[in-house]
Amino acid sequence: MKNVLAICDREKEYAHRLMEYISRKNSLLLKAVAFSNEESLCEFAEENEIEVLLIEEGMLSEKVMNIKTEKIILLREEQDKKTEYAESVYKYTSADRLVKEVVSLYDAENSIKNEKSDWRSRKKIIGVYTPVGGTRKTSFALTLGQVMAKESAVLYMNLEGFSGLSEILENNWDKGLSELLYYAGQKSLAPASKLGEVTVTRQNLDIVPPAESPDDIHSIKGKEWVRLFDNIMSLSDYQILIIDLGDEVDGLEEIFSICSRIYVPVRDDKLSEAKFSEFMKYIKMNLIDDNKIKQLRIPFYKAAKLGNEYMENLSWSELGDYARKIVQEEL
């Protein structure tokens with residue numbers, strides 16, 4: 001069930017009367033459902049997507065805050081009281097006025113989303129993915145990021161379970177993708193506002209350090225990744241986001257759909273060709289524009305240094321020349 005407005009209030013009769021009124025009015029074009037306790041609400045949320053959660057102020061627990069919903073609106077009991085964590089409406093006003101206020105808050109949120117959605121005409125998300133192993137995919141993605149960062153604000157994110165970046169860059173970061181995903185799950189926070197806390201800069205390229213555990217990546221659904229990337233591109237100054245993708249990511253097709261370009265490194269052997277052919281069938285089966293796909297044969301590069309020297313050497317190696325050629329061709 002999608003496009004749901006969930007109403008949760010300990011006064012069972014109040015919640016059901018409000019549900020019936022909203023169902024009759026249908027001003028929100030959402031399916032209204034009612035609950036009178038946290039347990040039934042959370043059980044419903046495990047199986048259904050909730051667009052708007054309208055909940056009694058005193059029931060806003062940590063467990064409820066972790067429910068995946070686009071918007072939380074509190075039912076406050078005091079008319080002029082301000083709430084800390086979410087927008088609110090006065091519970092005991094007329095049903096007509098309450099619904100109008102909810103409509104106003106909901107429409108304002110959608111207006112902001114529509115206003116911000118034009119980032120696609122000004123910014124780019126670039127995916128780097130391959131079904132083939134041993135193609136120097138991550139080295140290429142980092143090199144591409146450095147080349148592009150000379151002219152634009154670029155953010156690099158690695159979504160592999162085991163990226164190797166901590167060792168190759170000789171860093172044990174305090175924060176990274178795991179923390180960013182935590183912020184993304186908090187209803188009162190925009191993850192883009194926390195990028196300054198979790199990014200590091202190497203050769204003008206901003207990097208979100210990799211997740212602490214593959215489990216952190218496995219637990220995120222495709223729709224949640226898309227929401228995170230949309231928030232970053234809408235609210236940050238980054239003009240280019242490079243996503244280094246692995247097979248651990250759920251909902252690859254949803255991520256591919258928002259990429260303006262997908263680079264796919266391959267090797268020159270029959271098995272690699274067969275894997276790429278199967279990948280292209282997957283692209284077409286999921287109705288993804290195959291013009292986004294650019295097959296690459298990346299030149300051999302053997303890193304002799306680690307840490308900052310590794311990054312610096314990338315941009316001046318034959319891999320750097322290759323990345324610059326790719327960027328020039330794209331322009």
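This passage describes the strands, the helices packed on them and the nonpolar cores of a predicted model. In this model, local features need pLDDT of at least 70 and side-chain atom pairs count only at pLDDT 80 or more, whereas totals for chains, interfaces and linings use all residues. Residues are numbered from 1 along each chain as its sequence is written, and side-chain values use heavy atoms, with hydrogens and water left out.

Helices (H or I, at least four residues) and strands (E, at least two) are DSSP runs numbered from the N terminus. Two strands pair if DSSP finds at least two bridges between them. Strand S4 (residues 69-76) is parallel to strand S3 (residues 50-56), to which 6 bridges join it. S4 also pairs in the parallel sense with strand S5 (residues 87-90), over 4 bridges. Leu74 of S4 is the bridge partner of Ile55 and stands opposite Ser88 in S5. Of the 8 residues of S4, 7 are buried, where buried means under 20% relative accessible area, exposed over 50% and partly exposed in between (1.4 Å probe, protein chains only).

An open sheet of 7 strands follows the order S8-S9-S7-S10-S6-S11-S12, and its pairing is mixed. Strand S8 (200-202) and strand S12 (293-296) form the edges, each pairing on one side only. From one strand to the next, the twist averages 25°. S11 and S12 are parallel and share 4 bridges; Tyr263 stands opposite Lys294 in S12.

Helices pack on this sheet. Axes are lines fitted to C-alpha atoms, for helices over the stretch in contact (heavy atoms within 4.5 Å), and angles run from 0 to 180 degrees between N-to-C directions. Helix H5 (residues 137-149) lies across several strands, including S6 (124-128) and S9 (205-208), and runs at about 175° to S10. H12 touches S11 and S12, and its direction makes about 170° with that of S12.

A nonpolar core is a set of buried Ala, Val, Leu, Ile, Met, Phe, Trp, Tyr and Cys residues joined through side-chain atoms within 4.5 Å. The largest such core has 42 residues, and Met157, Trp225 and Phe229 have the most contacts inside it. Among the elements that give it two or more residues are strand S7 (154-159), helix H10 (222-235) and helix H12 (270-285). H10 gives the most, with 6 residues. Leaving aside neighbours within four places in sequence, Trp225 is in contact with residues including Leu159, Leu181, Ile217 and Ile255. A second, separate core of 31 residues includes Val147, Tyr156, Ile298 and Val327.
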